[in-house]
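Work through the exercises below with the sequence and the 3D view open. Try each task before reading its solution.

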Amino acid sequence: MNMRCLTYSLVLAIPMLAASPRDYPVKPVPFTSVHLNDAFWAPRIETNRKVTIPFAFQKCEETGRVENFINAAKALRGETLVDPKMPGYPFDDTDVYKVIEGASYTLSVQPDPLLSAYVDRLIEKIAAAQEKDGYLYTARSINPAQPHRWAGAKRWELEEVNSHELYNLGHLYEAAVAHFQATGKRSLLEIALKTADLLVETFGPGKQAIWPGHQITEMGLVKLYRATGNERYLDLAKFLLDVRGPKGRPYNQAHLRVVDQTEAVGHAVRATYMYSGIADVAALTGEAAYLNAIDRIWENVAGKKLYITGGIGATGAGEAFGRNYELPNMSAYNETCAAIGNDYWNHRLFLLHADARYIDVLERTLYNGLLSGVSLDGKTFFYPNPLESNGQHARSPWFGVACCPGNITRFLASLPGYVYAQTGETLFVNLFAAGTAKIAMNGNRAVALSQETRYPWDGLVKITVNPERRGKFTINVRIPGWARGEAVPSDLYRFVDRADEPVRLRINNKAVPIALDKGYASLERDWKRGDVIELNLPMPVRRVAAHEQVAADRGRVALQRGPLVYCAEWPDNPGGRVRNLLLPDEAPLQAGFKADLLSGITAVKSRAFALTYDAQGKAVRKEQEFTAIPYYAWANRGRGQMAVWIANTEAAAKPAPWPTIAIRSQVTTSGRKNPRTINDGEEPRSSNDPDSYFDWWPKKGSTEWVEYAFEKPATVSETEIYWFDDTGRGEVRVPASWRILYKDGAGWKPVDPLGPYGVERDRYNRVAFKPVTTGGLRLEVTLQPNWSAGLQEWKVR
């Protein structure tokens, strides 16, 4: 047995093997040793346990994800399947694994016989779907002669492309270790070990040399290594990293060897899972080149590719990182899974470097871009997390690609494991939340801590220290970057205004000077039972500006109070509009707690100007009340406008359009997407403008339609169409042809055009026609073969 193993206690609640010096220098305190009773996180963790996890299991049943295992087992037994249904995606198995992982974490801290029995039955179904040599992949086993179209004819042959065979197993490993630690049962662990042994026999030096198309296998193998001490699993994790690149695609970070990468590119979730796996292997092997690589990449993300909410992955094209400083707001992708991956990665970097800047990013992501991924009731979710909306965004109870709900279940259940850490005789207080913890220090010292705080609504934190016996050790209390005048640990964002009230620290009611070391106030002393640390973090509302190279945020400010980023949302502001607001720099900002709003929040109030175009196209100002809410809480009250970045100059403002006949019309379409963007009055910058468009994707080559129902019959004689075309990013092109029809009684008749129907990009395509008096118009669009189509704006005169 290799004695290098040490349980990574964020996800393994009970250390299993003795540690040696080569591992993470800092160890997280297991989440099972931390019990939160605060008013912010504790209710959310309980909602996750009582609502989200059962709901996610229900959706896995309803959508056939559980049935996939049942059908695979039947096929392996030689039973005839009548019209066997393949998984919608080859990675659907992972949704079951992820929710099992989340359920296991909750079982570690809250026994639940019914949940435990249900998980046991699921594991029996998974075991029955496993082939004799350990292979487990329902997308093939259900019908080996005709597997899923992404799977390939043979095992592993499309793994580097899109089969997700190894990705599925990575999530299985994480679930299996969590379940074993929670229950002591080996049922799922034995399934996982059988698959891992198959991988060891199949891949490695002198064997097959492929890398996972979607990373996480590396993290999962390391967890199996920690749980078993089988060094072959760690060796395979390193092998899968070493053989990656340089002849692959940036999309899944295979364009360069991992040790040669310096910039975050490609699919953001795959990237952060890989970076986390690199950190794990670096910690356990001492591979300096690995550590250098992820340090360089982190500097790139923190300095050029991080949203103010902590979200990452700017573009929906490839669910990927954009170019440096490419951080659009309306079209921001910011997948919930990427936020979770970002926190996994930053936490590991902290364990390697003991530097609070990684926890600063973790906290920013946690309270904003991650928490926004789940509704207050725990039943609906965001896949992307944009920073601006015109009403086209809404939470969903589930997705065809349902990775995000399952990831939420497992992350929130393990959240207390991020609060504390320790190394030697030093204890780290990283996050602030009321509750208790019992921490085993080196040298057989046990220290009990209790926090009292209303954080994030209040910056006063009281920490009572109760060591098992009196003695000298160090407590490092994080002083968040936002409290030290540092918006993020780079120049990507900065606070515009000054905060005059300093951070204060007291021990036993005596002031203590704050000497910072890597973002921590280091408190070394002879600690005894009942000693009290009082930390006061002032929480004024701050204006934040972005780096000048972030084009989307020029002339705008964001609002932040404590760790929370704020947004303006439609229900709280007059007229239901917020994208047309101008917030003057001199307008005072006032914070106040509202217990009856959005489960209790601190709202920000001020005065702003609403800008609206008049009939002559001149912007008119009107002063009005301004309200902002925490970003995580938006979209819990229906569709409507939202904005994180608020204009503070008129040049950056977006005045509300004059209500034309098109804007006042009711719009319907043959597509399923929200059509509000078609007549929102927004002027597109180009056909490829990602901020406000409608398309019929994934439909291709078909004939589709858009209809305007006028408020009342009107005489019209001209229309203008600005086509959406995402050449270079996606599969939408200008249409093959189109025409306009007008409402005549119960039917539609073509207008008599006075010119051609144009399909030019990057301009309005105007067509005049003989005047008609009608109650509505219909736009009929024929899509090009093999391409979809869409439009940015449709005007009528």
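The exercises cover helix packing, strand pairing, nonpolar cores and some backbone details.

The model is predicted: local features need pLDDT of at least 70, side-chain atom pairs count only at pLDDT 80 or more, and totals for chains, interfaces and linings use all residues. Residues are numbered from 1 along each chain as its sequence is written, and side-chain values use heavy atoms, with hydrogens and water left out.

**Exercise 1. Two helix pairs**

Task: Describe how helix H2 packs on helix H4, and how helix H3 packs on helix H6.

Solution:
- Step 1. Helices (H or I, at least four residues) and strands (E, at least two) are DSSP runs, numbered from the N terminus. Axes are lines fitted to C-alpha atoms, for helices over the stretch in contact, and angles run from 0 to 180 degrees between N-to-C directions.
- Step 2. For H2 (residues 65–76) and H4 (residues 113–128), the angle is about 40 degrees and the axes are 7 Å apart. H2 is therefore oblique to H4. Angles under 35 degrees count as roughly parallel, over 145 as roughly antiparallel, 65 to 115 as roughly perpendicular and the rest as oblique.
- Step 3. H2 and H4 cross in a left-handed way; this term applies if the near helix is turned anticlockwise from the far one by less than a right angle, and right-handed applies if clockwise.
- Step 4. Contact means heavy atoms within 4.5 Å. Among the residues making it are Phe-69 and Ile-70 of H2, and Leu-122 and Ile-126 of H4.
- Step 5. For H3 (residues 93–109) and H6 (residues 165–183), the axes come within 8 Å and cross at roughly 20 degrees. H3 is therefore roughly parallel to H6.
- Step 6. The crossing of H3 and H6 is left-handed. Residues in this contact include Tyr-97 and Tyr-105 of H3, and His-171 and His-179 of H6.

**Exercise 2. Strand pairing**

Task: Find the pairing partners of strand S14, then give the strand order of the open sheet of seven strands.

Solution:
- Step 1. Two strands pair if DSSP finds at least two bridges between them.
- Step 2. S14 (residues 520–527) runs antiparallel to strand S9 (residues 471–478), with eight bridges joining the two. Asn-476 has Ser-522 as its bridge partner in S14.
- Step 3. S14 also pairs with strand S13 (residues 516–517), in the antiparallel sense and over two bridges. Here Leu-516 has Ala-521 as its partner.
- Step 4. S13 and S14 form a hairpin with two residues between the strands, where Lys-518 takes a positive phi near 55 degrees.
- Step 5. The open sheet has the order S2-S6-S7-S8-S15-S11-S12, with antiparallel pairing. Strand S2 (34–36) and strand S12 (510–511) are the edges, each pairing on one side only.
- Step 6. Inside this order, strand S7 (residues 445–453) and strand S8 (residues 460–467) run antiparallel and are joined by seven bridges. Ala-448 stands opposite Asn-466 in S8.

**Exercise 3. Cores and a buried strand**

Task: Describe the nonpolar cores, then state how far strand S31 is enclosed.

Solution:
- Step 1. A nonpolar core is a set of buried Ala, Val, Leu, Ile, Met, Phe, Trp, Tyr and Cys residues joined through side-chain atoms within 4.5 Å. Buried means under 20% relative accessible area, exposed over 50%, and partly exposed in between (1.4 Å probe, protein chains only).
- Step 2. The largest core has 216 residues, and Trp-41, Phe-57, Tyr-420, Tyr-493 and Val-644 touch the most other members. Helix H10 (residues 268–285) gives the largest share, 12 residues.
- Step 3. A second, separate core has 29 residues, including Phe-694 and Tyr-708.
- Step 4. Six of the seven residues of S31 (residues 790–796) are buried, so S31 is largely enclosed by the rest of the structure.
- Step 5. S31 runs antiparallel to strand S26 (residues 694–695), joined by two bridges, and Phe-694 stands opposite Leu-791.

**Exercise 4. Backbone details**

Task: Where is Gln-253, and is Gln-253 buried or exposed? Treat Asp-762 in the same way.

Solution:
- Step 1. Gln-253 lies in the loop between helix H9 (231–242) and H10. Its phi is near 60 degrees, a positive value in a residue other than glycine.
- Step 2. Gln-253 is buried, with a relative accessible area of 0%.
- Step 3. Asp-762 lies in the loop between strand S29 (747–750) and strand S30 (764–782). Asp-762 is partly exposed, at 41%.
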